[in-house]
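Please read the following report alongside the sequence and the 3D view. It moves from a single helix residue to a sheet and then to aromatic rings.

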Amino acid sequence: PPQPDSEHPAPGTPHVQTGVAGQSALEEYQRRHEKREARIDAKFGRLAGVVKFLIDDPQSITAWRKGSVGERKLAASLQENLGDRAVLLHDRKVPGTRGNIDHVVVASSGVWVVDAKNYSGLVQQRDVGGFFKVDLRLYVGGRDRSKILDGLGWQVKAVIKALDGESVPVSGAICFTDAEWGWFAKPFTMRGVFVSGPNALARKIAEPGLLT
């Protein structure tokens, strides 16, 4: 008989809607882009085409498109590296909020809540606390990006709540899809969040764990 796959699962196996990586970010980009174009049309009339050609969308709009690209790249990388060793869920809506989770990965090592970031520049863990105080910060491209670590917390809590008391390890991860790492730099954990690139994240997720 044919082997079960994602389109023809084994009998009794629930069908999983895995989602489309980056879909929400792409839709938000399109919504903002179209709204801006409509404003230009209303203001400049027949000259609107010239204005659109000369002036690109601002960063506040293009960031959504860039983010969508990063999510799709990470999804492809995880699928290639993990194969059937994990279940990948993309672009998950969080009930009761306007937010979404980029990726949820279920593997032997547990459930992973992954936030994809398509930033450029060098990823660094810096101690800015001085002589008598430790104050570790996450820098990317010379900018303090520590807030994204704290921003993952509510997503992890949402997944824990969805598990409804099940004794399953839940971990958070920030994955930089296009950032740079120093020659001897390694992934690290900061404020309880695993920080890495796509390949290192896949290796971490693939580690043996408690789940069958």
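## Helix residue, sheet and rings

Glu37 counts as partly exposed because its relative accessibility is 23%, where buried means under 20% relative accessible area, exposed over 50% and partly exposed in between (1.4 Å probe, protein chains only). This is a predicted model, in which local features need pLDDT of at least 70 and side-chain atom pairs count only at pLDDT 80 or more, while totals for chains, interfaces and linings use all residues. Residues are numbered from 1 along each chain as its sequence is written, and side-chain values use heavy atoms, with hydrogens and water left out.

Glu37 belongs to helix α1 (residues 23–44); helices (H or I, at least four residues) and strands (E, at least two) are DSSP runs, numbered from the N terminus.

An open sheet of 6 strands follows the order β1-β2-β3-β7-β9-β8 with mixed pairing, two strands being paired if DSSP finds at least two bridges between them. Its edge strands, β1 (86–93) and β8 (188–190), each pair on one side only. Strands β7 (residues 170–176) and β9 (residues 193–196) run parallel and are joined by 4 bridges, and Ile174 stands opposite Val195 in β9.

Tyr119 and Phe176 are both buried. Two arginines lie over tyrosine faces, a charge sitting over a ring if NZ of Lys or CZ of Arg is within 6 Å of the ring centre and within 35 degrees of the ring normal:

| Arginine | Ring | Distance from ring centre |
|---|---|---|
| Arg126 | Tyr139 | 4.1 Å |
| Arg145 | Tyr119 | 4.2 Å |
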